[in-house]
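Biologist: Take me through one part of this fold in close-up, please: the places where helices pack against each other. Start with a single pair and work outward from there.

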Amino acid sequence: MDFIVFHFTLFMLLSSILTSAACLSAYLVSRRQLMLIAAVGFLFYFFDIAWVFQDNILAAGHAWRDNGTYLALRSVATLVSGVGFISSFWLLVCEYLGGVPRAVKLVPCVVFCILSIVALVAVPENNLERFAFYTMRALFLFWMLIYAGVRYLLQKNESERARLRRAAGLYLLLWVLGVGVVVEDALYFLVPGAGGFIMDLRAVAPERNYCENALVLCCMVVACRSAFKALSLRFENPPVKSSAPQEEFIEDNLPYFSRRYQLSPREQEIMREVLRGKDNQNIASELHLSLSTVKVHVHNILQKTGLENRKALIREFWKDA
């Protein structure tokens, strides 16, 4: 059991640092803020695991492990790594949603930091303190999910709603795993003698919470997929920097859509303008083409994709691009 748990911890450390490196590489070629924030977040998570690993493996049996100075520094390190990776994930959500005021981005991070300090200092040092401290992370996660859900429900633009719906599976999975994080911590810290496979692992683990690990691994898969997509396009298209999430999505996915349906470079240009909601006349003016030429290109795009009209074409892109 110890052997398996030890190597699982190494796997989490390696996954965190590799995901951070992949996101940083994607940022350097695309200049997308999403990738930079993700790189910082996963780097903080690497250190969050490393501190626990240090306590349970490297420091085991050493007298200085129970030294007051070491414990104080260790608590500060845990606070910094926790606030760092949770706040980064919140900024990631804000960047993905777009149009989030600066105050809304910063205030929850400050509140989370203050509440974590209060839980660490005000509550007597026991299992209840540890449960309160770590539960702050889950509460912040639930805040992120609720905020994202409300933003989706209030969104009137159908194209934007379609973009947000692409993350529906991950959204629901994060809810389930977030609840699992709280339940696992409650059983471990508050229920003496709690049994079960997860609790048995926690008893010997250089790890903190397996549901949290699963949650972050899901985020790693999504982040690596986006990073590898950006890197694979490096030599096909120049990096595009845009503050509008919808525009970024179009630029990221249009090359794949065009390749799938074998659109010519000019048809890809026309398709981009169609996705921006422009009619044939505006497209002709934008690209300095005749109206008849634009109509021919749009007709050819519809033929290649097997769709009957522009509305169906746009819907197909947002669904499958």
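**Helix packing, pair by pair**

Modeller: Let's start with H7 (residues 168-190) and H9 (residues 210-232), which pack at an angle of about 160° with their axes 7 Å apart. Keep in mind that this is a predicted model. At that angle, the two helices count as roughly antiparallel, because the cut-off for that label is anything over 145 degrees. As for handedness, H7 passes H9 in a left-handed crossing. On the H7 side, the contact is made by Leu170, Leu173, Leu174, Leu177, Gly178, Gly180, Val181 and Glu184. Facing them from H9 are Tyr210, Cys211, Glu212, Ala214, Leu215, Cys218, Cys219 and Val222. Sorted by type, the residues of this H7 and H9 contact come out as twelve nonpolar, two polar and two charged.

One residue of that patch deserves a second look. Cys211 belongs to the contact on the H9 side, and yet Cys211 is partly exposed, with a relative accessible area of 21%. The cut-off for buried is under 20%, which is why Cys211 doesn't get that label.

With cysteines in the picture, you may wonder about bonds between them. A disulfide is a covalent bond between the sulfur atoms of two cysteines. How many disulfides does the structure hold? Zero. Take Cys113 as an example: the closest cysteine sulfur is in Cys109, 9.4 Å away from that of Cys113, which is too far for a bond. The cut-off here is 2.5 Å between the sulfurs. Cys113 is partly exposed as well, at 26% relative accessible area.

Now move along to the run from H11 to H13. H11 spans residues 265-275, while H12 covers residues 280-287 and H13 residues 291-305. The axes of H11 and H12 come within 10 Å and cross at roughly 125°. That makes H11 oblique to H12, since 125° lies outside the parallel, perpendicular and antiparallel ranges. H11 passes H12 in a right-handed crossing. In this contact, Arg266, Glu269, Ile270, Glu273 and Val274 of H11 meet Ile283, Glu286 and Leu287 of H12. By type, the H11 and H12 contact residues split into four nonpolar, no polar and four charged.

Glu273 is a good one to zoom in on. Buried or exposed, for Glu273? Buried: Glu273 has just 4% relative accessibility. Leaving aside neighbours within four places in sequence, Glu273 is in contact with Lys278, Ile283, Glu286 and Leu287. Of those partners, Ile283, Glu286 and Leu287 are the H12 residues in the contact with H11.

H12 has a partner on its other side in sequence too. H12 and H13 pack at an angle of about 110°, and their axes are 9 Å apart. The range for roughly perpendicular is 65 to 115 degrees, so that label fits H12 and H13. Their crossing is right-handed. From H12 the contact takes in Asn280, Gln281, Ile283 and Ala284, and from H13 it takes in Leu291, Val294, Lys295 and Val298. The H12 and H13 contact divides into five nonpolar, two polar and one charged residue. Notice that Ile283 turns up in the H12 contact with H13 and in the H12 contact with H11.

The loops around these helices have some backbone quirks. His288 sits in the loop between H12 and H13, and His288 has a positive phi of about 60° without being a glycine. His288 is exposed, at 72% relative accessibility. Before H11 there's a similar story: Gln262 lies in the loop between H10 (245-261) and H11 and has a positive phi of about 55°, again without being a glycine. Gln262 is exposed too, with a relative accessible area of 65%.

One more spot before we zoom out. Arg165 is in H6 (residues 158-165) and is partly exposed at 38% relative accessible area. Its C-alpha atom is 9.6 Å from that of Trp318, even though the two residues are 153 residues apart along the chain. Beyond residues up to four places away in sequence, Arg165 touches Tyr152 and Glu158.

Finally, the wide view. The chain has 14 helices and zero strands. Of its 321 residues, 46% count as buried. Among contacts with a separation of 6 or more, 70% come from residues 24 or more positions apart.

Terms used: Residues numbered from 1 in each chain as written. Predicted model: local features only at pLDDT ≥ 70, side-chain atom pairs only at ≥ 80, totals over all residues. Heavy atoms only, no water. Buried < 20%, exposed > 50% of the residue type's maximum accessible area, 1.4 Å probe, protein only. Axes fitted to C-alpha atoms, helices over the stretch in contact; angles between N-to-C directions. Helix = DSSP H or I, 4+ residues; strand = E, 2+ residues; numbered from the N terminus. Parallel < 35°, antiparallel > 145°, perpendicular 65-115°, else oblique. Left-handed = near helix turned anticlockwise from the far one by under 90°. Contact = heavy atoms within 4.5 Å. Nonpolar A, V, L, I, M, F, W, Y, C, P; charged D, E, K, R; others polar.
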